[in-house]
2 protein chains.
Amino acid sequence: MVYRRTHQVVKRLAARRSAILAAARDAASDGGMAAVQIAPVAVRANVAAGTVYRYFPSKADLISELIAEVSRDELAAIRRAADAAPGPSSALAAAVTTVAVHVVSHRKLAWGILAEPVDVDVNATRLASRREIAGEIEARIVAAVRAGHLPAQDTALAATALLGALHESLVGPLAPDNLDDPAKLRDVVQTATLLALRAVGVMDARARGLVVQAALPAKMLAGA
Amino acid sequence: MVYRRTHQVVKRLAARRSAILAAARDAASDGGMAAVQIAPVAVRANVAAGTVYRYFPSKADLISELIAEVSRDELAAIRRAADAAPGPSSALAAAVTTVAVHVVSHRKLAWGILAEPVDVDVNATRLASRREIAGEIEARIVAAVRAGHLPAQDTALAATALLGALHESLVGPLAPDNLDDPAKLRDVVQTATLLALRAVGVMDARARGLVVQAALPAKMLAGA
DNA sequence: TTCTAGTCTGAATAGTTGTTCAGTTCTTCA
DNA sequence: TGAAGAACTGAACAACTATTCAGACTAGAA
């Protein structure tokens, strides 16, 4: 044997794979999933189109991995925020605020990950990712119900509806568009979070308090 | 002049146009917007592919008209239900229930109309239709706020979030799937409606009452 | 019946984009 | 340095579909 993968090569290959994924993510951030086409992604990653196929068997695999990666990040952020909260209601509010901040910060990407259909079959991956995030929200709702802060309810449906309300009001086509202004952005995030919390049965007055508390990280992220 | 359009011909042309639109609607109901392709639609309508282009300048126009037509029907149904209600809160509940019943009854079609991107540019039409429906819901929210039944709020965002919650929980990928059972279907519609009403600030207890009242037409439609 | 203009047909065309692969370049190691 | 294997390139290919258009067909008027 006259050729073996050295550590250096392994690192380069890994870096290239990451570069391709990052290029896909950039493309999706700019123009949604429709912009994740092999040729443009290859250009962004500084490789030839054929090279993409040395790292991903097909476009579907590339997009699946992109969705999984973004969702993994999202889930981790939600858990981090919720776990840092003092009680179940605050945890739910923190989780919801985190989702809200994330989706408004990367609207095109969020739209692509969440809803925008693609010509290839990535539904399984997308569904799994979505289920994980909904599951995390549902767990927080369950905790709040157990603590007696929320009425008993169909928590799965509630989690789904809650996410739907956030997504639609923040990244959907009817979402407000002048979100460059940080103050306006914070308002919109707070309002959407308030709506989401009320949907699952948080009392209006209490919800307002939770939102104000939870919005702190939102402000921080928005400023970053 | 040796040829003029007789009444008979005019009627035949109109009928054919309707047939093409109906075929498109059927295709969308079966397989979403992706299934609305010229050749299959032409087959369904019993015409040749080329004939479609004698009635619609392009696929985008066909789909735009399909969206407009479906939305028109939807809007009319919402208005009818809301106007028949005794007060602003009931009207809102009736409007929301109507939307819920419609989307669960035609999930693929609703998904196609609402969210599924198509390769052609129909965003303007889709946006306009969506705005109309959101506007109608918003008007009902405004009325309920004026009557003192709901807290003051950003009604535009509230209407959008409300629709998002409904759509996501009823036609989204995480929506429950065993909706063939009418009882289950009614439950889901009621639960989603309850969530939507609570989101805009209807008190839990009151919301439950409104939902039960408004669910009557839902049951009727589901049975039909 | 026959002429004419409108209507319909469906095979051919054209544009788009994922995928392949023969040839080239790079990396390792004797 | 050179041989061998791995990685990369990018033009060519393939599949899918919206759109066109020359010819066939139909309906109306004389």
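This text walks through the contact between chains A and B, then the protein surface around DNA strand C. The model is a predicted one.

Start where the two protein chains meet. On chain A, 33 residues are in contact with 33 residues of chain B. Together the chains bury about 2700 Å². Carbon and sulfur atoms account for 73% of that area.

Which elements build chain A's side of this interface? Four helices of chain A each give two or more residues: α7 (123-146), α8 (155-171), α9 (182-199) and α10 (204-223). The largest share comes from α8(A), with 8 residues. By residue class, the side of chain A that touches chain B divides into 19 nonpolar, 6 polar and 8 charged residues.

Now look at the polar links between the chains. Across the interface, 6 residue pairs are in polar contact, both partners being at pLDDT 80 or more. The salt bridges between chain A and chain B number 2. A:R130 forms a salt bridge with B:E168. Here the closest N and O atoms are 2.3 Å apart.

Turn next to DNA strand C. The strand is surrounded by 25 residues. The closest are A:T6, A:Y53 and A:K59 from chain A, and B:A48 and B:T51 from chain B.

Which helices supply this surface? In chain A, α1 (7-31) and α3 (49-55) each give at least two residues. In chain B, α1 (7-31) and α3 (49-55) each do so as well. The largest share, 4 residues, comes from α3(B). Sorted by class, the surface near DNA strand C holds 11 nonpolar, 7 polar and 7 charged residues.

What part of the strand does the protein approach? Take the atoms of DNA strand C within 4 Å of the protein: 79% belong to sugar or phosphate. The rest belong to bases.

Individual side chains can be followed to the phosphates. In chain A, a polar side-chain atom of A:Y53 lies 2.5 Å from a phosphate oxygen of DNA strand C. A:Y53 is also one of the closest residues to the strand. From chain B, the side chain of B:R16 has an N or O atom 2.8 Å from a phosphate oxygen of the strand. For B:Y55, the distance from a side-chain N or O atom to a phosphate oxygen of DNA strand C is 3.2 Å.

To retrace the route, begin at α8(A), which gives the largest share of chain A's side facing chain B. Then move to α3(B), which gives the largest share of the surface near DNA strand C.

Note on methods. Residues numbered from 1 in each chain as written. Chains lettered and ligands numbered in written order. Predicted model: local features only at pLDDT ≥ 70, side-chain atom pairs only at ≥ 80, totals over all residues. Heavy atoms only, no water. Contact = heavy atoms within 4.5 Å. Buried area = accessible area lost by both parts, 1.4 Å probe. Salt bridge = Lys/Arg side-chain N within 4 Å of Asp/Glu carboxyl O. Polar contact = N/O pair within 3.5 Å; in protein donor to acceptor, adjacent residues only side chain to side chain. Nonpolar A, V, L, I, M, F, W, Y, C, P; charged D, E, K, R; others polar. Near = heavy atom within 4 Å.
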